[in-house]
Amino acid sequence: MTKVTSLPADDSSCGWYHLSARRTPRPAHSGTSHARWVVLGAGYVGLAAARQLALNFPDEQILLIEAQEVGFGTAGRNAGFAIDLPHDIGAEDYIGDIDIARTCLRINMTGQDYLKDLVAEHGIDCQMKFCGKYQAAVEDRGIAVLDAYRRGLEKLGQPFEVIEGADLPDHIGTHFYRKALFTPGTALIQPSALVKGLAESLPANVSLYENTPILDVEYGDKTVLRHARGSISADKLVLANNAFGGHFGFLKGAMLPIFTYASLTRPMTEQEQARLGGKPYWGVIPADPFGTTVRRTPDNRLLIRNSFSFNPDGRANPKYLQRYVARHKASFARRFPMLPDVGIEYTWGGALAMSRNHESYFGQLAPNVYGALCCNGLGVTRGTATGKLLADWLAGEKNDLIDFLLKSPGPNANPPQPFLSIGVNANLTWGQMRAGKES
């Protein structure tokens with residue numbers, strides 16, 4: 001028997017969650033159940049895997065188990081960028097090996113297209129806008145990153161537009177940035193609204209149970225998952241719980257739960273919108289990975305996301321919210337001095353599952369146990385794609401994308417504690433300091 005050593009516990013102040021349409025959570029599981037397929041985790045990977053399993057096996061029941069409420073956890077807390085392009089932050093040009101980059105582009109597009117079709121088919125109101133993204137820079141170091149990224153995009157044959165600082169206010173209002181690289185293929189979303197909509201539109205042979213944290217697991221010919229109100233027996237278990245997969249006995253010490261923090265303002269008045277100018281909605285990611293992400297949403301709010309913490313147990317820590325809200329206010333003031341009275345309404349944290357070698361896991365973890373884990377910051381598109389492709393692989397499908405994912409070495413092992421925390425925290429502190437004006 002494997003005792004689950006940590007359970008999700010996110011803060012209650014996520015703006016995306018509170019501003020998305022309310023839904024009635026599905027009841028928690030109780031009693032004893034058996035199913036051919038059990039998927040653990042109702043984020044992007046789990047929702048895609050459960051949906052595709054249901055379509056591939058229409059005569060079989062799929063149980064989808066979520067420890068919290070759908071839309072409340074990690075999947076509903078990101079900045080809302082459904083990115084199409086490879087995003088290898090370990091490569092100088094963000095592209096890296098060209099053959100790998102082309103395959104990663106196809107994987108990301110698989111996820112993006114899948115989501116676009118589902119949003120259209122089911123009328124999911126998640127503010128999905130195919131408006132592209134700006135990668136923007138302030139300092140010389142950031143400008144050099146943009147130049148390298150431009151060369152990478154040329155190598156990959158992907159479209160882009162270089163926008164000089166003098167022209168940027170026509171796009172994003174602010175005069176803060178010196179240069180930006182615009183790429184047209186990114187979609188912007190309201191992430192909590194999206195995952196709520198995906199959960200509400202699951203096929204009839206998927207049974208979703210929310211607020212059902214698993215306390216221990218017994219692996220064998222059948223996997224038995226126990227919780228406070230009963231147990232579930234699975235012929236086949238799919239782990240789609242990202243960094244929490246490590247607390248279920250797999251990839252222990254290989255994934256890094258890195259939390260990042262966001263704030264969302266109140267809606268701007270018409271006068272404030274006119275003062276800001278620019279397009280009605282847009283998204284900016286920083287040239288420096290430790291810099292600030294900024295968005296203007298279709299409901300005329302502004303989002304600021306920056307600051308990082310390493311939470312080894314994958315759980316939120318309130319001290320970081322209190323520490324970083326002041327940093328968000330300062331970042332906002334530098335970018336939007338014309339909006340001194342636009343206050344912050346929500347601040348929250350959300351986890352990324354990262355690995356030191358930027359590799360994910362896809363495939364079989366143990367007899368009758370499978371997983372798609374560690375999205376390295378691309379959960380919306382890559383997570384959706386790998387969930388779908390895992391379900392297709394389990395149905396016997398073979399293709400080059402599945403083969404590519406199966407060949408991945410997976411996340412590499414981390415140093416033991418306390419050296420791991422010392423090293424990660426030092427790297428995060430140095431990275432945030434080095435970002436300078438990009439923060």
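This note goes through the nonpolar cores, one helix packing and the aromatic pairs of the structure.

1. The model is predicted, so that local features need pLDDT of at least 70 and side-chain atom pairs count only at pLDDT 80 or more, while totals for chains, interfaces and linings use all residues. Residues are numbered from 1 along each chain as its sequence is written, and side-chain values use heavy atoms, with hydrogens and water left out.

2. The largest nonpolar core (buried Ala, Val, Leu, Ile, Met, Phe, Trp, Tyr and Cys residues joined through side-chain atoms within 4.5 Å) has 50 residues, of which V39, L47, L53, I62, L64 and L194 touch the most other members. Helix α2 (residues 44–56) gives this core its largest share, eight residues; helices (H or I, at least four residues) and strands (E, at least two) are DSSP runs, numbered from the N terminus. Apart from this core lies another, of 24 residues, including I232, A243, M255 and C374.

3. Leaving aside residues up to four places away in sequence, L194 touches Y44, L115, V119, I124, C126 and I189, where contact means heavy atoms within 4.5 Å.

4. Helix α3 (residues 98–122) packs on helix α9 (residues 379–394) at an angle of about 85°, the axes being 7 Å apart; axes are lines fitted to C-alpha atoms, for helices over the stretch in contact, and angles run from 0 to 180 degrees between N-to-C directions. That angle makes α3 roughly perpendicular to α9, a term for 65 to 115 degrees. On the α3 side the contact includes C104, I107 and Y114, and on the α9 side V380, R382 and K388.

5. There are 13 aromatic pairs in the structure, a pair being rings of Phe, Tyr and Trp (its six-membered ring) with centres within 6.5 Å, called stacked with planes under 30 degrees apart, edge-to-face over 60 and tilted for the rest. The ring centres of Y17 and F72 are 5.3 Å apart with planes at 90°, so this pair is edge-to-face. Y17 lies in helix α1 (residues 15–19) and F72 in the loop between β3 (62–65) and β4 (81–82), 55 residues apart, and both Y17 and F72 are buried (under 20% relative accessible area, with exposed over 50% and partly exposed in between; 1.4 Å probe, protein chains only).

6. F362 and W393 form a tilted pair, 6.3 Å centre to centre with 45° between the planes, joining strand β18 (residues 361–366) to helix α9 across 31 residues. F362 is buried at a relative accessible area of 6%, whereas W393, at 23%, counts as partly exposed.

Methods:
Parallel < 35°, antiparallel > 145°, perpendicular 65-115°, else oblique.
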